[in-house]
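Here is a short briefing on one protein structure. The sequence and coordinates come first.

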Amino acid sequence: MAEVVFLSNTNIQIASGSSTSGGVKVSKLFSAPLPEGAVLNGVVMDKERLTQTIKTAWQTNKLPKSEVTLIINSPQLRANRIDAPILPDKKTTEFIGRETRDTEYGRFTNPVTGWYLISKNTKAKQQKVIYETAESDFVKGYVDIFESAGLKLKSIHNGVQIATEFFTKQSAGKTVIYMILDGNSLVTIFFAEGKYYYDSTSRVFSQPGTPEFAREIYSSISSIRQFMSAQRIEATVKDVVFAGLTQPQVASLSNDILNIDSQIDVSLAAAPQGTSISEGTAAFPFYVYPIAGLRKIDEKLSILKASKQSDAKASDKSGLMKLILPFGGIMALAVIVFIGASLIKASKKAELKELNDYIHDPGVLAQVAEYDAMYDSMAEIGTIQGGADLLLADINSYPIPDSSINSRILAAARDHNVNIDFKSYSAYDGVFSIMASSPIVDDINMFIADLMMMDIFENVDYTGYTLIDHTGNTPIEDMEEENYWQINVVCTLAGRDVPTEDAGSSAEEVN
């Protein structure tokens, strides 16, 4: 029997059960709200309240205190797939370290990496693995929290990849999109003809059951279609399987999506074959992550073990330095004493008198006092100047929506024969609201793709398409076709580059 805990921004979910030869067997499912702000995107913001919530959940439900697996979705716990040659586990660990050092390790100060096996192809002598990387302090922080709650943490895993593997068998031969809604966080997982291609995490701003929510979901589907086009994937996307919503909410979403695109079929997520839940499968869509975490994982190196090994290596280096430093110190001291004694012996008394006279000289003492006062004043001025420099950098980096921004947007629109209408701009958050229109929907897609490539925007988002005919509200000028497509595009300006101090100094020297 094992317990799997999933922490979202708002809830703690627990699945109690075990893995079987064909899947998982779930005996109990629990859920409890987390204190507001205790966890944000997998990062602990309030350690004490989170510890108490976990402890209370275990005491209330009388759960075993060992074999606990933690599942989180966080940018602080990165998970990626990689193809590796079939090697002994130790050699595979070294291979992953070499292959990922430039891409992953640069994101962290003191990273630790664990990995588990997905599949092997002995004929091709290749194996597929998932490796997970996090800061050592991030991992140890969760270990401390569970120990404080009286629990023994067995492993930590990224929830998106755990869920992806859970759905892999169910997706065999199919082209399907899985969507998992957790609060306002939407995870999208894409399979084409049974092969995993893509996953992403985005934020949802509308409430389920509203047309705006359907348009946001359809926007995610459109993004995957663009990805398929760029990757030249010939499959057709029709099936969207949704978790995290009730059956009525999924039915409402399905109807709203059909009004936008009649080719899309939205259905409620069902438990994969081999999944047994004692309370019935109705709860499955809301417990995907903890249930998936019960599945047997061929873990070769857990991230917890990797963290302990990293600590052990650091301790060994520290011990070696403790042996070397005393010996080196003794040798250096002996040399210094020998040289000093040889040089000072003849003139020691005369130099001592000269030094005493200088130290007690009233003029020297007055200069020292003046220097101390000036040093304190300079430190205070430096603090003020540093604050002013930071303020100036913030002001200089604030985005300015001048005519050059409009010119670049208009140029991109002209390149693809798209009509645009600037709706609004918010100086508070640097957001442009634009209405883009064209008789050809692919022209709008290419226009939006150009906007995403521009370095002047930090983010480009857009809602679902609307088809307008001659009975619409207002026809678009200079457009001969009766029917055209219309979409709302929201562009967030990127901050401006602030000149560095070196650049400023160089400029002053030239002047």
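The points below cover a sheet, a buried histidine, a helix pair and two loop residues.

This is a predicted model: local features need pLDDT of at least 70, side-chain atom pairs count only at pLDDT 80 or more, and totals for chains, interfaces and linings use all residues. Residues are numbered from 1 along each chain as its sequence is written, and side-chain values use heavy atoms, with hydrogens and water left out.

**The sheet**
- Four strands, in the order E7-E9-E8-E17, make an open antiparallel sheet.
- Helices (H or I, at least four residues) and strands (E, at least two) are DSSP runs, numbered from the N terminus.
- Strands count as paired if DSSP finds at least two bridges between them.
- E7 (77-85) and E17 (298-301) are the edge strands, each pairing on one side only.
- From one strand to the next, the twist averages 30°.
- Strand E8 (residues 111-121) runs antiparallel to strand E9 (residues 126-135), and 10 bridges join them.
- Val112 has Ala134 in E9 as its bridge partner.
- Helix H4 (residues 159-168) packs on the sheet and touches E7, E8 and E9. The direction of H4 makes about 50° with that of E7.
- Axes are lines fitted to C-alpha atoms, for helices over the stretch in contact, and angles run from 0 to 180 degrees between N-to-C directions.

**His157**
- His157 sits in strand E10 (residues 153-158).
- His157 is buried, at 2% relative accessibility. Buried means under 20% relative accessible area, exposed over 50%, partly exposed in between (1.4 Å probe, protein chains only).
- The side chains of His157 and Glu132 share a polar contact of 2.9 Å. Such a contact is a pair of N or O atoms within 3.5 Å; within protein, one must be able to donate a hydrogen and the other to accept it, and residues adjacent in sequence count only if both atoms are side-chain atoms.
- Beyond four places in sequence, the contacts of His157 (heavy atoms within 4.5 Å) include Tyr116, Glu132, Ile162 and Glu299.

**Helices H5 and H6**
- The axes of H5 (residues 211-231) and H6 (residues 247-260) come within 9 Å and cross at roughly 65°.
- H5 is therefore roughly perpendicular to H6 (65 to 115 degrees; under 35 is roughly parallel, over 145 roughly antiparallel, the rest oblique).
- Residues of H5 including Phe213, Ile217 and Tyr218 meet a set in H6 that includes Leu253 and Ile257.

**Positive phi in loops**
- Lys125 is not a glycine, yet has a positive phi of about 55°. Lys125 lies in the loop between E8 and E9 and is exposed, at 60% relative accessible area.
- Arg232 has a positive phi near 60°. Arg232 is in the loop between H5 and strand E14 (239-243) and counts as exposed, at 71% relative accessibility.
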